[in-house]
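Please open the structure in your viewer and keep the selection tool at hand, since this tour moves from one selection to the next. Take time at each stop before going on.

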Amino acid sequence: MSDLIAIRKIVTATEEIRHEGGPEPAVPRCRGAITVVMKNPYAGRYVEDIVPMMEALTPVGLDMAGQLIKALGGDASRIDGYGKGAIVGEAGELEHGALWHVPGGYAMRELLGDARAIVPSSKKVGGVGTRLDVPITHINASYVRGHFDAMETGVADAPKADEIAFILVMSIGSRIHDRVGGLKAAAIKGEDGLR
């Protein structure tokens, strides 16, 4: 692995949602998040060319996506929602979180098969214990309203000032009690990642 990558910890969390006050569905909804907390090699200074770290993050993204698929039961074909995010420690800059767009997004798309929709994302600079709402949309059609969601994530002791927390989120199924209309997953045409 690259000398730009120094991982301190990996945290994985999953949820099984059985109902939200209404009838219990036949199959619960599942969501999961994996967070890698690592050293930010650019913390505390301005570096013009940060692209080498984006390239170095490629195997990290693939490993995280594989671990999250396993945590959600191991069957990638069941996963139909995704998102990504980054929390940059205070000595870094927002652009350091943007390094995650390609390695995080493409890792999930590669391991989930023919995923066509753009992977939604969020990022911010924050201190130890910062939480982030990571947006989720359907993997093949961003307009599927029943999959508009977010999962709150964070790590109690991260990110330290010179760290970054990179996050991937995946889900199985639409929101529990989804009933606001719009495009349904069963009606996806799959032509453009939108519908």
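Where is P159 found? In this predicted model, selecting P159 takes you to the loop between β6 and β7. While you are there, add A158 to the selection and look at the link between the two residues, because the peptide bond from A158 to P159 is cis, with omega near -5 degrees. Most residues other than glycine have a negative phi, and most peptide bonds are trans.

Go on next to the segment after β7, where H177 lies. Here the backbone angle to look at is phi, which for H177 is near 65 degrees, a positive value in a residue other than glycine. H177 counts as partly exposed, because its relative accessibility is 22% and the buried class is kept for values under 20%.

Now select strand β2, residues 29-39, and show the surface around it: ten of its eleven residues are buried, so the strand is described as mostly covered. Strand β1, residues 7-17, runs antiparallel to β2 and is joined to it by ten bridges. To see one place where these strands meet, select I7, which stands opposite M38 in β2. Strand β7, residues 163-172, also pairs with β2 in the antiparallel sense, over ten bridges, and here you can select R31 and find S171 of β7 standing opposite. In a regular strand the side chains alternate between the two faces of the sheet.

Stay with strand β7 and pick out I167, which has its place there. Is I167 buried or exposed? I167 is buried, because its relative accessible area is 1%, and the cut-off for a buried residue is under 20%. If you leave aside the neighbours within four places in sequence, the residues in contact with I167 include I34, T35, M64, W100, L132 and T153; also among them are K84, G85, A86 and I87. Then select S122 as well: I167 and S122 are 45 residues apart in sequence, while their C-alpha atoms are 9.7 Å apart in space.

The next stop is strand β5, residues 131-138, which runs antiparallel to strand β3, residues 81-88, with two bridges joining them. Select Y82 and look across to T137 in β5, which stands opposite. Strand β5 also pairs with strand β6, residues 149-154, in the antiparallel sense over six bridges, and if you select P135, its bridge partner in β6 is A150.

Finally, turn to the helices and select α2, residues 58-71, together with α4, residues 101-111. How do the axes of α2 and α4 cross? They come within 8 Å of each other and cross at roughly 50 degrees, which means that α2 is oblique to α4. The crossing of α2 and α4 is right-handed. On the α2 side, the contact is made by T58, G61, L62, A65, G66 and I69, and on the α4 side by P103, A107, M108, E110 and L111. Coloured by character, the residues of this contact divide into seven nonpolar, three polar and one charged.

Before leaving helix α2, select P59, which lies in this helix. P59 counts as partly exposed, because its relative accessibility is 41%. As a last selection add P120: P59 and P120 are 61 residues apart in sequence and 20 Å apart in space, from C-alpha to C-alpha.

Methods: Residues numbered from 1 in each chain as written. Predicted model: local features only at pLDDT ≥ 70, side-chain atom pairs only at ≥ 80, totals over all residues. Heavy atoms only, no water. Axes fitted to C-alpha atoms, helices over the stretch in contact; angles between N-to-C directions. Helix = DSSP H or I, 4+ residues; strand = E, 2+ residues; numbered from the N terminus. Parallel < 35°, antiparallel > 145°, perpendicular 65-115°, else oblique. Left-handed = near helix turned anticlockwise from the far one by under 90°. Contact = heavy atoms within 4.5 Å. Nonpolar A, V, L, I, M, F, W, Y, C, P; charged D, E, K, R; others polar. Pairing = 2+ DSSP bridges. Buried < 20%, exposed > 50% of the residue type's maximum accessible area, 1.4 Å probe, protein only.
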